[in-house]
Amino acid sequence: MATANKNLSNYDKNTIPNAKDFRFGIVVSEWNDKITNGLYNGAEAALLDCGALPENIIRWDVPGSFELIYGAKKMIETQNVDCVITIGCVIKGETMHFEFVCEGVTQGIKDLNVQSDIPTIFCLLTDNNEQQSIDRSGGVHGNKGTEAAIAAIKMADLRKNANR
Ligand SMILES: Nc1c(NC[C@H](O)[C@H](O)[C@H](O)CO)[nH]c(=O)[nH]c1=O
Ligand SMILES: CC(=O)[C@@H](O)COP(=O)(O)O
């Protein structure tokens, strides 16, 4: 289903574990910061709405989406978190740089999920233009940050139960 056919901000708290016992790291790219801050706000609001404690949400900023990989790796290594959310927004320019950044971040986040026991959630917008990013960070299509927060809670809970 394309994003255009679903609202990214919709969730049913009855289907989501309580987040009160989980610690979350959120790594945020400074590129397109109007968008990434909107994504962060959606993620933070959803985590708090589902019971997460403010002191259990740790935010680090990195220069661009490519640095999300290293930031998430160090967050996992040093902050005793139960899940990491990586937030970035890559918007197509004139060159192939878009493709390489998007693919590189995708592969890097995938590698973290393979190599680490801590889930890393992929909240990266890869858009053709700024309007698409606006629409997905609190606009007409909802907020992908909200979606990422719900995924983070569910994966932290899955990890807890799997490691019992
Ligand atoms: N063009 C965008 C970038 N480019 C920067 C890279 O992410 C990286 O910081 C740089 O190559 C240095 O390593 N980053 C975004 O997040 N969004 C863009 O649209
Ligand atoms: C995704 C990017 O790095 C891109 O915004 C850079 O723009 P350009 O391809 O025009 O250099």
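# Exercises: ligand shells and a helix pair

**Exercise 1.** Classify Thr95 as buried or exposed, and do the same for Glu94.

Solution. Thr95 has 8 other C-beta atoms within 10 Å, so Thr95 is exposed (12 or fewer count as exposed, 20 or more as buried, and in between as partly exposed, with C-beta atoms placed from the backbone). This is a predicted model, in which local features need pLDDT of at least 70 and side-chain atom pairs count only at pLDDT 80 or more, while totals for chains, interfaces and linings use all residues. Residues are numbered from 1 along each chain as its sequence is written, and chains are lettered from A and ligands numbered from 1 in the order in which they are written. Glu94, with 6 other C-beta atoms within 10 Å, is exposed. As for location, Thr95 sits in the loop between β3 and α3, and Glu94 lies in the loop between β3 and α3 (helices are DSSP runs of H or I, at least four residues, and strands are runs of E, at least two, numbered from the N terminus).

**Exercise 2.** State which residues UniProt lists for "binding site".

Solution. The unreviewed UniProt entry lists Glu94, Thr95 and Arg136. These residues span 43 residues in sequence and their farthest two C-alpha atoms are 23.3 Å apart, so they do not all gather at one spot. Such annotations may be inferred rather than shown by experiment.

**Exercise 3.** Describe the shell around ligand 2 by residue, element and class.

Solution. First, the residues around ligand 2 (C-beta atom, placed from the backbone, within 6 Å) are Val90, Ile91, Gly93, Glu94, Thr95, His97, Phe98 and Val101. Next, β3 and α3 (97-115) are the elements that give two or more residues. The largest share, three residues, is from α3. Finally, the classes are four nonpolar, three polar and one charged (Ala, Val, Leu, Ile, Met, Phe, Trp, Tyr, Cys and Pro are nonpolar; Asp, Glu, Lys and Arg are charged; the others, Gly among them, are polar).

**Exercise 4.** Do the same for ligand 1.

Solution. There are 13 residues around ligand 1, and Trp31, Gly64, Ser65, Phe66 and Val90 come nearest. Strand β3 (residues 83-91) gives the most, four residues. By class there are seven nonpolar, five polar and one charged.

**Exercise 5.** Describe how α1 and α5 cross.

Solution. The axes of α1 (residues 33-49) and α5 (residues 144-162) come within 7 Å and cross at roughly 40 degrees. Axes are lines fitted to C-alpha atoms over the stretch in contact, with angles from 0 to 180 degrees between N-to-C directions. The two helices are therefore oblique to each other (under 35 degrees is roughly parallel, over 145 roughly antiparallel, 65 to 115 roughly perpendicular, the rest oblique). The crossing of α1 and α5 is right-handed (the near helix is turned clockwise from the far one by less than a right angle; anticlockwise would be left-handed).
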